[in-house]
Amino acid sequence: MTAPALPSFVEPCGHDVYAVDTGFHRPRFDAAYLVLHAGRAAVVDAGTNHAVPRILEALAALGLARDAVDWVIPTHIHLDHAGGVGLLMQELPAARVMAHPRAARHLLDPSQIWAGATAVYGEAEMQRNYGTLVPVPAERVDTSGDGLRLSLAGRTLEFADTPGHARHHHCIWDEASQGWFTGDTFGLSYREFDTAHGAWLLPTSTPVQFEPEALRASVERLLARTPRAMYLTHYGRVDEVPRLGALLLALLDEMVALGRRVAGLGEARHAALCEGLAAIYRDSLARHGCTLAPTAVQQLLALDVELNAQGMAIWLDREAGTKR
């Protein structure tokens with residue numbers, strides 16, 4: 001039997017896992033995942049509202065009806081992961097949402113998270129990138145717990161509470177593939193930076209709940225399961241997990257050291273954070289054998305440098321307030 005013809009934005013990851021490129025920002029930047037088993041499906045992360053047609057098209061290409069989806073599972077509530085959940089649920093009549101306990105209320109009423117993001121990006125940018133957020137009815141939302149095991153037609157998915165990037169973040173262990181769906185906990189890995197040495201990745205400290213000690217503990221917990229693969233929302237399946245885990249933690253330490261050095265710079269701190277982060281990533285990529293032009297590297301990482309600097313500033317301010 002021949003495999004189904006898939007749209008160009010759907011990538012098989014093995015073990016009946018498929019990455020759906022949501023089209024957010026640029027190709028292969030943001031993924032939603034379909035997990036299939038015995039004619040049933042789960043969606044892990046849903047991208048934005050603009051991703052919904054692609055997810056539905058992917059289901060159809062894989063021969064699945066919309067009522068074959070049992071679960072929609074956002075790893076956390078940031079809009080590039082969960083902004084499309086409400087709209088998607090309107091198209092999936094049998095599905096339920098499994099949310100982190102701290103995230104569930106924002107799915108029922110997304111007004112607070114919309115207001116917070118709008119304060120950062122502005123109304124026009126929010127509409128362009130995300131569209132209007134749709135609430136999920138309360139009776140269709142369940143909450144995870146650390147260690148909760150969920151059956152997808154007999155395929156076990158296990159939840160782990162993984163703060164550090166956000167306090168409302170859980171990761172999902174897929175027993176069949178021996179891999180984690182990591183959201184943003186295991187960092188960002190863009191295929192443009194792949195070299196003969198393999199994939200490269202960096203931590204993400206996007207506002208507003210970056211906590212480096214908690215993030216280190218969460219990463220170490222994921223690694224302790226000795227996974228064969230990580231399924232990153234940004235972007236795709238990565239292997240060589242021990243090497244990437246060591247790289248992620250080393251870069252996290254460098255980011256923390258940078259934050260400590262510039263903490264007291266006042267108005268000059270943001271620029272120093274941006275310059276320091278860009279240098280950390282540039283030097284790491286050079287060691288990784290990246291041959292992209294410096295301007296290309298700068299362009300690919302510009303958004304992450306800016307958001308990581310903002311998140312680090314909030315962490316430094318919170319830490320300073322705690323010490324007073």
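Helices (H or I, at least four residues) and strands (E, at least two) are taken here as DSSP runs, numbered from the N terminus. With that in hand, alanine 38 can be placed in the loop between S3 and strand S4 (40–44). Please keep in mind that this is a predicted model. The points below cover helix packing, the nonpolar cores, two cis peptide bonds and some loop residues.

**Helix H8 and its partner H9**

- Helix H8 (residues 241–262) packs against helix H9 (residues 269–287) at an angle of about 150°, and their axes are 10 Å apart.
- Angles over 145 degrees count as roughly antiparallel, and H8 and H9 are therefore roughly antiparallel to each other.
- The crossing in which H8 passes H9 is right-handed.
- On the H8 side, the contact is formed by Leu247, Leu251, Glu254, Met255, Leu258, Gly259 and Val262.
- These meet Arg269, Ala272, Leu273, Gly276, Leu277, Ile280, Tyr281, Ser284 and Arg287 in H9.
- Sorted by class, the contact of H8 with H9 holds ten nonpolar, three polar and three charged residues.

**Helix H8 and its partner H7**

- H7 and H8 pack at an angle of about 175°, with 11 Å between their axes.
- This pair, H7 and H8, is therefore also described as roughly antiparallel.
- H7 brings Pro212, Leu215, Arg216, Val219, Glu220 and Leu223 to the contact.
- From H8 come Val241, Gly245, Leu248, Leu249, Leu252, Asp253 and Val256.
- By class, nine nonpolar, one polar and three charged residues make up the contact of H7 with H8.

**Nonpolar cores**

- The largest nonpolar core has 91 residues, and within it Leu34, Val72 and Leu301 touch the most other members.
- H8 gives the most to this core, with eleven residues.
- If you would like to look at valine 72 in the viewer, its contacts are Val43, Val85, Leu88, Met89, Leu92, Ala95, Arg96, Val97 and Met98, leaving out residues up to four places away in sequence.
- There is also a second, separate core of 19 residues, with Val44, Leu150, Ile172 and Phe181 among them.

**Cis peptide bonds**

- Proline 207 is joined to valine 208 by a cis peptide bond, with omega near 15°.
- Valine 208 sits in the loop between strand S11 (179–183) and helix H7 (212–224).
- Histidine 234 and tyrosine 235 are likewise joined by a cis peptide bond, where omega is about -5°.
- Tyrosine 235 belongs to the loop between strand S12 (229–232) and strand S13 (236–238).

**Positive phi outside glycine**

- Histidine 25 is not a glycine, yet its phi is positive, at about 70°.
- The loop between strand S2 (17–21) and strand S3 (31–37) is where histidine 25 is found.
- Histidine 25 counts as partly exposed because its relative accessibility is 44%, and the partly exposed class lies between 20% and 50%.
- Alanine 38, another residue other than glycine, has a positive phi near 50°.
- With a relative accessibility of 65%, alanine 38 counts as exposed, a class that begins over 50%.

**A loop residue after H7**

- Threonine 226 lies in the loop between H7 and S12.
- Its relative accessibility is 62%, so threonine 226 counts as exposed.
- Threonine 226 and tyrosine 281 are separated by 55 residues in sequence and by 26 Å in space, C-alpha to C-alpha.
- Tyrosine 281 is one of the H9 residues that meet H8.

Note on methods
Residues numbered from 1 in each chain as written. Predicted model: local features only at pLDDT ≥ 70, side-chain atom pairs only at ≥ 80, totals over all residues. Heavy atoms only, no water. Axes fitted to C-alpha atoms, helices over the stretch in contact; angles between N-to-C directions. Parallel < 35°, antiparallel > 145°, perpendicular 65-115°, else oblique. Left-handed = near helix turned anticlockwise from the far one by under 90°. Contact = heavy atoms within 4.5 Å. Nonpolar A, V, L, I, M, F, W, Y, C, P; charged D, E, K, R; others polar. Core = buried A, V, L, I, M, F, W, Y, C linked by side-chain atoms within 4.5 Å. Buried < 20%, exposed > 50% of the residue type's maximum accessible area, 1.4 Å probe, protein only.
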